[in-house]
Structure formats: C-alpha cells, structure tokens
Amino acid sequence: MNVGIDKINFFVPPYYIDMVDLAHAREVDPNKFTIGIGQDQMAVSKKTQDIVTFAASAAKEILEPEDLQAIDMVIVGTESGIDESKASAVVLHRLLGVQPFARSFEIKEACYGATAGIQFAKTHIQANPESKVLVIASDIARYGLRSGGEPTQGAGAVAMLLTANPRILTFENDNLMLTQDIYDFWRPLGHAYPMVDGHLSNQVYIDSFKKVWQAHCERNQTSISDYAAISFHIPYTKMGKKALLAVFADEVETEQERVMARYEESIVYSRRIGNLYTGSLYLGLISLLENSSHLSAGDRIGLFSYGSGAVSEFFSGRLVAGYQNQLNKEAHTQLLDQRQKLSIEEYEAIFTDSLEIDQDAAFSDDLPYSIREIKNTIRYYKES
Ligand code: CAA
C-alpha cells in the first residue's frame with residue numbers, strides 16, 4: 001500500500017530581520033551571513049506566539065472537515081516544547097477540532113523529531129488504511145543575542161497530513177537510520193537556549209550524511225542518478241551545500257551540478273526564514289516542489305533528516321501525478337512578502353521580552369492564533 005504526504009503547509013511569524021542589518025549591528029562583513037552562512041532574512045517571533053500557535057496556523061489551512069473526522073493521530077516533533085510533561089499535540093488536537101478518538105503526543109530528538117513522527121505514522125496507516133495522521137514540526141530556533149548561532153535562528157512550523165494513496169509523495173521502504181551519542185547541540189533542563197558546539201555540529205552533520213548515504217546506497221543498490229533531488233535538513237542554507245560538496249565530490253560534474261541546482265530550489269524559503277529545527281527539512285521539501293520546474297511524477301526525492309545529539313535518517317519518496325495541485329506557492333510567497341521588517345533594535349527588544357509563565361497576564365495579538373492569557377502557568381489561546 002502507498003503511504004505518504006497528502007497535504008503539506010508551512011507557517012512563519014509575520015516579522016523578520018534583514019541579515020545585512022544584523023551584520024552591520026554585529027560589525028560583521030554582511031557577506032559572512034549572506035554567502036558564508038547563506039541567509040538573507042530571519043524570522044522573528046513575539047512572546048504571544050509559541051510552537052502551538054505556529055503549528056495550529058500551519059495545520060488549519062490544509063485541514064477540511066473530512067480530515068478532522070479521519071485523523072486518529074496528532075504527532076508534534078519539537079525541540080522547543082512548552083511543557084516538560086503535557087504534549088503540545090493534545091492542545092492542538094482541541095484547537096484544530098480533531099475527532100476525540102485519537103492518539104496525540106510529542107516527540108523529541110532535536111531537529112529529528114518530526115521524521116520519527118512520520119515513520120510512526122507510516123506504520124500506523126499501513127495497518128489502518130482509512131486513518132489520516134497529522135504530523136507537525138514546530139519550533140522557535142534561538143541561541144541568544146550576539147551568540148555564534150544568532151545568524152542561524154528562525155521560527156515556524158510545517159504541518160503534514162499523511163494518508164494512504166497520498167497526492168504529493170509516496171514513501172519508499174528504504175529508510176537508513178544512524179544514532180551517535182555526541183554533544184554537538186543540546187538543551188539541559190531549565191535552559192532557555194541550547195548549548196551548541198557549532199563547528200562540531202557542522203562536522204557531525206556532514207559525517208552523518210556521508211554515513212547514511214553510503215549505507216543507504218549499499219543496502220538499496222542505488223546511486224545519485226536514482227534521485228531527481230535530495231532535500232536536506234537546513235539549519236542554514238550553506239549547511240546542506242557543504243554536505244553535498246563533501247559527499248558528492250567524486251561524482252561526475254553533471255550529476256553534481258544537477259543535484260546542486262535542485263538544492264538551490266529547496267532553499268528558496270529557508271534563505272528568508274532561517275532555521276525551523278524540526279521543520280527545516282520539510283520546509284526545504286515544500287520549497288523544492290514549489291520552485292522547481294525540473295521535477296515530474298514518479299521522480300524519486302531523497303530526504304536527509306538530522307537531529308543533533310545525534311540521530312539522522314535518509315529515506316525517500318516518489319512524486320505522485322498531479323502533486324502540483326496540492327501545493328500553494330502563491331500563498332507561501334505572500335506569507336513571506338507580507339511580513340513586517342524589524343529594525344535590529346526592535347528585534348532585540350522582542351527577543352528580550354520573554355514570556356513569564358509564572359506570572360498571570362493577558363495579551364492581545366492580531367494573529368489567527370496567539371496566547372491570550374497566562375493563568376496559573378496555563379497558556380490560553382486565542383483561536384481563529
Ligand atoms: N564572506 C564570505 N564568507 C565568509 C566571510 C565573508 N566575509 N566570513 C566568513 N565566511 C564564511 C566562512 O568561511 C564559513 O564558511 P565555511 O563554513 O564554508 O568555511 C562561514 O562563513 C561561517 O563562518 P564561521 O565558521 O567563521 O562562522 P561562525 O564561527 O560564526 O559559526 C556556525 C557558524 C557554526 C554555523 C554558527 O552560526 C552556529 O553555531 N550555528 C548553530 C549551529 C548550527 O546551525 N549547526 C549546523 C549543524 S547542526 C544541525 O543541523 C542541527 C540544528 O539545526 C541546530
């Protein structure tokens with residue numbers, strides 16, 4: 001039975017900063033951020049927004065009444081969860097109006113969580129073909145003002161509806177997973193921001209891609225020519241490029257150029273958003289499908305998922321005839337174009353204005369979903 005992605009959508013907050021402005025403020029050559037890191041803009045979120053509001057906004061756009069009746073599992077992958085115990089998926093289940101007889105939970109493994117969710121969903125649908133599973137990747141990527149990771153921040157969510165006989169991508173059964181106990185990026189309990197060994201994380205990312213790619217090709221008897229494109233986890237857009245160049249250096253030049261051209265199409269949105277942690281790989285997939293004119297039905301797309309710590313997975317899917325009809329490039333371009341540009345002073349003020357969860361407070365915000373009140377440490381949401 002074919003199982004895969006039937007619908008997919010992303011949401012990002014309505015504020016961003018320009019990376020050239022950030023470079024000037026940090027007294028860095030702007031080329032370091034725009035070429036060396038590969039980012040043009042960076043999404044910024046206010047304290048009235050969290051992973052639940054991003055996730056609800058991303059999912060609401062694609063869910064119809066019949067989906068809400070058929071969904072029997074809601075899975076959230078996140079690195080920036082809002083509770084150590086209660087899953088954000090439970091809140092989302094209510095906010096979105098999913099029928100009650102469903103399983104809702106959250107998965108954590110840095111930027112890998114949503115990929116684990118997809119694999120769980122796939123097995124569930126194979127056993128229950130009528131089921132639909134909502135998998136959401138939602139995060140706020142923050143390292144701190146003036147930190148090394150500052151230019152690689154971002155925020156937002158990707159929502160995916162997984163079904164049997166999907167209309168976008170059917171998954172192959174070719175997953176290759178790798179676990180390595182490494183401290184390249186982690187967030188101890190009580191820490192607002194992750195700890196990161198940036199240069200080690202770059203190296204582990206590249207080594208992980210090399211290992212899963214080689215093992216994947218050996219096990220499945222495949223090579224680069226079997227892939228129309230490869231989508232990467234994109235912490236910043238130069239990262240996937242570095243992995244591609246390191247791993248495909250021995251391939252013939254035409255193949256390297258072909259894969260790199262598709263990679264460029266997969267980073268169109270990330271260049272304007274930054275890191276989504278769990279959602280980055282899937283934002284890259286949306287970007288590829290919406291911005292490439294070189295793909296067609298039956299094409300095989302490789303997906304490289306990487307979560308620091310470190311767990312990585314390479315898997316693939318085939319494009320379904322008519323997949324273009326399930327996308328929404330116009331709405332996504334509009335979402336990005338209509339955002340408000342912040343000055344660096346405004347960004348810093350928003351950054352330091354953090355949500356005090358132990359203090360009761362009320363807020364108002366124009367966005368469809370936002371935190372309207374904190375009472376007794378509980379977040380109450382304004383619903384669209
Ligand atoms: N013009 C053009 N390029 C320039 C330049 C200039 N004037 N100045 C510097 N550069 C280039 C450098 O040569 C370098 O390119 P290469 O990596 O290709 O050599 C690039 O800009 C970055 O320069 P540095 O390495 O000196 O930058 P840095 O020390 O400030 O750190 C970083 C960069 C490690 C990515 C840091 O931003 C960071 O720690 N980010 C967070 C961690 C991260 O994203 N890791 C990615 C892998 S882990 C992962 O994927 C999980 C996840 O989502 C977190």
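Ala-110 sits in the loop between β5 (103-107) and α6 (113-127). Its phi is near 45°, which is a positive value in a residue other than glycine. The model is a predicted one, and the backbone values given here are computed from it.

A second backbone feature is found at Ala-310, in the loop that runs between β13 (300-307) and β14 (311-319). The peptide bond joining Gly-309 and Ala-310 is cis, with omega about 10°.

The rest of this report concerns the ligand. The space that the ligand takes is the second largest pocket. Three elements give two or more residues each to the shell around the ligand: α2 (30-37), α7 (198-220) and α8 (237-247). Of these, α7 provides the largest share of the shell, with five residues.

Both domains take part in the shell. Domain 1 (3-170 + 327-382) and domain 2 (171-320) each supply at least three residues to the shell around the ligand.

Which residues come nearest to the ligand? Among the 27 residues around it, these are Lys-32, Gly-148, Ser-201, Lys-238 and Lys-242. Sorted by class, the shell holds eleven nonpolar, twelve polar and four charged residues.

Three side chains place a polar atom at a short listed distance from an oxygen atom of the ligand, as follows.

| Residue | Atom in the side chain | Atom of the ligand | Distance |
|---|---|---|---|
| His-199 | N or O atom | oxygen atom | 2.9 Å |
| His-233 | N or O atom | oxygen atom | 2.8 Å |
| Lys-242 | polar side-chain atom | oxygen atom | 2.3 Å |

How much of the ligand's accessible area does the protein cover? On its own the ligand has 1,100 Å² of accessible area, and the protein covers 74% of that.

Lys-242 thus appears twice in this account: it is one of the residues that come nearest to the ligand, and a polar atom of its side chain lies 2.3 Å from a ligand oxygen atom. Lys-242 falls within the range of α8 (237-247), an element that gives two or more residues to the shell. His-199 falls within the range of α7 (198-220), and its side chain has an N or O atom 2.9 Å from an oxygen atom of the ligand.

Terms used: Residues are numbered from 1 along each chain as its sequence is written. This is a predicted model: local features need pLDDT of at least 70, side-chain atom pairs count only at pLDDT 80 or more; totals for chains, interfaces and linings use all residues. Side-chain values use heavy atoms; hydrogens and water are left out. A residue is near a molecule or strand if one of its heavy atoms lies within 4 Å of it. A polar contact is a pair of N or O atoms within 3.5 Å; within protein, one must be able to donate a hydrogen and the other to accept it, and residues adjacent in sequence count only if both atoms are side-chain atoms. Accessible areas come from the Shrake-Rupley method with a 1.4 Å probe; for residues, only the protein chains shown count as cover. On a 1 Å grid over the protein atoms alone, a cavity is a set of points where a 1.4 Å probe fits but cannot get out, and a pocket is an open set with protein on both sides within 12 Å along at least five of seven lines; lining residues have an atom within 4 Å of a point. A molecule sits in a cavity or pocket if more than half of its atoms lie within 2 Å of its grid points. Helices (H or I, at least four residues) and strands (E, at least two) are DSSP runs, numbered from the N terminus. Ala, Val, Leu, Ile, Met, Phe, Trp, Tyr, Cys and Pro count as nonpolar, Asp, Glu, Lys and Arg as charged, and the others, Gly among them, as polar. Domain bounds come from an automatic or database domain assignment.
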